[in-house]
Amino acid sequence: MELIEVLRTIRARDPARPTWAEALFCYAGLHALLFHRLANRLWRWGLRAPARIVSHIGRFVTGIEIHPGATIGRRLFIDHGMGVVIGETAEIGDDVLIYHGVTLGGLSTQPGKRHPTLGNNVVVGAGAQVLGPITVGDGARIGANAVVVHSVPPGETVVGIPARPPQHEGRRPTVGYGITPGCDDPIGEEIAALRAEVAALREEVAALRAPERRLAP
Ligand SMILES: CC(C)(COP(=O)(O)OP(=O)(O)OC[C@H]1O[C@@H](n2cnc3c(N)ncnc32)[C@H](O)[C@@H]1OP(=O)(O)O)[C@@H](O)C(=O)NCCC(=O)NCCS
C-alpha cells in the first residue's frame, strides 16, 4: 500500500528519524501526495474543475502546489515542502527526494510538454528551479538553489546558475540532505588519515635505516 511505502521512506530518508505517528501527521509532503493522488484521478476522468479544486485545497493545507495533471511515481518524498511547485506536464520517477522551494516549471506558454521529467532516485535540493521539458537522469542530484535549464545525465550532480557539474571529482551518490554514504563518519575518516600517515612514516624510517643495515657486520 502506497501510504505505508511513503511512511517507510520518510522514516528512512529523514535524518531526524521520525516516529510512525510523526511521519503520518507532521509531513506536508505526504499530505500533498495524497491530495495529488485524488486530484490526478479526477483529472484523468476528465473532471478538471473538481481536480483543480482538490489540488487547490491541498496547496492551501500544505503549501505545496502540484498540478493535477502531473505524473508522479512511487515513494516521492517532499521534505519540508513549503513553496514547492510542480507543473502540469512534469513527470517524476520512483524514490525521488525534493526539498522545499523547488519548482518543476515551464519556460514556454505553448500547450504540450513544457515541464521537466525526473528519473528514479533523483534528489532536488532546496530552492532549485528545474525549468523546461528537460530530462534529469536516474540518480542525478541537483544542488540547493540551482537553476537547471539543460538536461542532466544519469548520476550527475549539478549546482549553480546555470547549473553545471561542480569542479571536483570522486563524488558518490546521495542518501538525503546531500549526505554521501561513507562520508558521514568523521571519526572513521580521521582514523583512515592517521593510518595513511603511519604507513608513510614507516616507509620513511625503513628508508633511513637501510644504510645502517648495509654497514652492519
Ligand atoms: C549538490 C550537492 C548534492 C553536492 O553534494 P556533494 O557531491 O557531497 O558535493 P560537495 O559538498 O563535495 O561539493 C562539491 C562542490 O560543489 C559546491 N557546491 C555544493 N553544493 C552547492 C550548491 N548548492 N550550490 C553551489 N555550489 C555547491 C561545493 O562548494 C564544492 O565546491 P568546491 O569543490 O569548489 O569546494 C549538495 O551540496 C546539495 O546541494 N544538496 C542539497 C541539500 C539540501 O537541499 N538540503 C536541504 C535540507 S533542509
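In the predicted model, V124 touches I98, Y99, V102, V130 and I142, when residues up to four places away in sequence are not counted. Several of these residues recur in the largest nonpolar core, which has 43 residues and in which I98, V124, V130, I142 and V148 have the most contacts. The elements that give two or more residues to this core are helix 1 (2-13), helix 3 (28-44), helix 4 (48-62), strand 3, strand 6 (97-98), strand 9 (123-124) and strand 10 (129-131). Helix 3 gives the most, with 6 residues. In soluble globular proteins, nonpolar side chains tend to be buried together.

The overall form of the chain was examined next. The chain has 5 helices and 14 strands. Its radius of gyration is 24 Å, well over the 17 Å that the globule rule gives for 217 residues, so the chain is more spread out than a compact globule. Along the principal axes, the C-alpha atoms fill a box of roughly 100 × 40 × 25 Å. The domain assignment places residues 2-158 in domain 1 and residues 185-217 in domain 2. Taken over C-alpha atoms, the centres of domain 1 and domain 2 are separated by 52 Å. Of the 217 residues in the chain, 31% are buried. Among contacts with a separation of 6 or more, 30% are accounted for by residues 24 or more positions apart.

Two open sheets were examined in turn. One sheet is formed by 5 strands in the order 3-6-9-12-14, with parallel pairing. Strand 3 (77-78) and strand 14 (157-158) are its edge strands, each pairing on one side only. Strand 12, which covers residues 141-142, pairs with strand 14 in the parallel sense over 2 bridges. Within this pairing, V158 of strand 14 is the bridge partner of I142. I142 is also listed among the residues with the most contacts inside the largest nonpolar core, and V124 touches I142.

Another open sheet of 5 strands follows the order 1-4-7-10-13, and its pairing is likewise parallel. Here the edges are strand 1 and strand 13 (147-148), each of which pairs on one side only. Strand 4 (residues 85-86) and strand 7 (residues 103-105) are joined in the parallel sense by 2 bridges. The bridge partner of V85 in strand 7 is T103. Strand 10, part of the order of this sheet, is one of the elements that give two or more residues to the largest nonpolar core.

Helix 3 was considered in further detail. This helix has 17 residues and reaches 24 Å from its first C-alpha to its last, close to the 24 Å expected at 1.5 Å a residue. Its buried residues are G29, L30, A32, L33, F35, H36, A39, N40 and W43. The elements covering these buried residues include helix 1, helix 4, strand 1 (65-66), strand 2 (71-72) and strand 3. Just after helix 3, G46 takes a positive phi of about 85°.

The loop between helix 1 and helix 2 (20-25) contains T19. T19 counts as exposed because it has 10 C-beta neighbours inside 10 Å, where exposure requires 12 or fewer. T19 and L7 lie 12 residues apart along the chain, and their C-alpha atoms are separated by 9.5 Å.

Key: Residues numbered from 1 in each chain as written. Predicted model: local features only at pLDDT ≥ 70, side-chain atom pairs only at ≥ 80, totals over all residues. Domains from an automatic or database assignment. Pairing = 2+ DSSP bridges. Helix = DSSP H or I, 4+ residues; strand = E, 2+ residues; numbered from the N terminus. Rg over C-alpha atoms; globule rule 2.2 N^0.38 Å. Buried ≥ 20, exposed ≤ 12 C-beta atoms within 10 Å, placed from the backbone. Contact = placed C-beta atoms within 7 Å. Core = buried A, V, L, I, M, F, W, Y, C linked by C-beta atoms within 7 Å. Expected span 1.5 Å × (residues − 1).
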